[in-house]
Amino acid sequence: MDKDLSGQATVGSRSERDTSEFKQKRLGRRLNVAIFILALLLILVLLIMRFMG
């Protein structure tokens with residue numbers, strides 16, 4: 001892969017670019033789910049601490 005002026009890797013063919021975009025979107029969704037789960041767990045822990053203490 002070549003690097004453009006911004007330092008990001010450039011992808012050659014359209015199929016490689018589509019695959020790269022798909023992987024990036026999938027990673028984004030996974031990160032959103034992970035953040036959502038962590039937020040729920042944090043709220044749960046804070047509620048438990050509030051009622052226990």
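1. How many helices and strands does the protein have? There is 1 helix, and there are 2 strands. Read from the N terminus, the order of elements is β-β-α. Keep in mind that this is a predicted model.

2. Confidence comes next. The protein has a mean pLDDT of 86. A value of 70 or more is reached by 77% of its residues. Helix α1 has the highest confidence, at a mean of 94. Strand β1, residues 2–3, has the lowest, at a mean of 58. Where pLDDT is low, the predicted coordinates should not be read in detail.

3. Now burial. The protein has 53 residues, and 0% of them count as buried. The exposed area is about 5300 Å². Carbon and sulfur atoms supply 65% of that area.

4. Look for a nonpolar patch on the surface. Its members are Val33, Phe36, Ile37, Leu38, Leu40, Leu41, Leu44, Ile48 and Met52. Together they have about 930 Å² of accessible area.

5. Take Phe36 as one member of that patch. Phe36 sits in helix α1, which covers residues 14–52. Is Phe36 buried or exposed? Phe36 counts as exposed because its relative accessibility is 52%, and the cut-off for exposed is over 50%.

6. There is also a positive patch on the surface. Lys23, Lys25, Arg26, Arg29 and Arg30 form this patch. Arg29 is placed in helix α1. The relative accessible area of Arg29 is 48%, so Arg29 is partly exposed. Partly exposed is the class between buried, under 20%, and exposed, over 50%.

7. To sum up for a first look: the elements run β-β-α, and confidence is highest in α1. Phe36, from the nonpolar patch, and Arg29, from the positive patch, are two residues to find on the model. Phe36 is in helix α1, and Arg29 is in helix α1 as well.

Definitions and conventions: Residues numbered from 1 in each chain as written. Predicted model: local features only at pLDDT ≥ 70, side-chain atom pairs only at ≥ 80, totals over all residues. Heavy atoms only, no water. Helix = DSSP H or I, 4+ residues; strand = E, 2+ residues; numbered from the N terminus. Buried < 20%, exposed > 50% of the residue type's maximum accessible area, 1.4 Å probe, protein only. Areas by Shrake-Rupley, 256 points an atom, 1.4 Å probe, with all protein chains shown as cover. Patch = residues over 30% accessible without salt bridge, like charges linked within 9 Å, V, L, I, M, F, W, Y side chains within 5 Å. Salt bridge = Lys/Arg side-chain N within 4 Å of Asp/Glu carboxyl O. Lys, Arg positive; Asp, Glu negative; His and termini not counted. Charge placed at Lys NZ, Arg CZ, Asp CG, Glu CD. pLDDT = per-residue confidence, 0-100.
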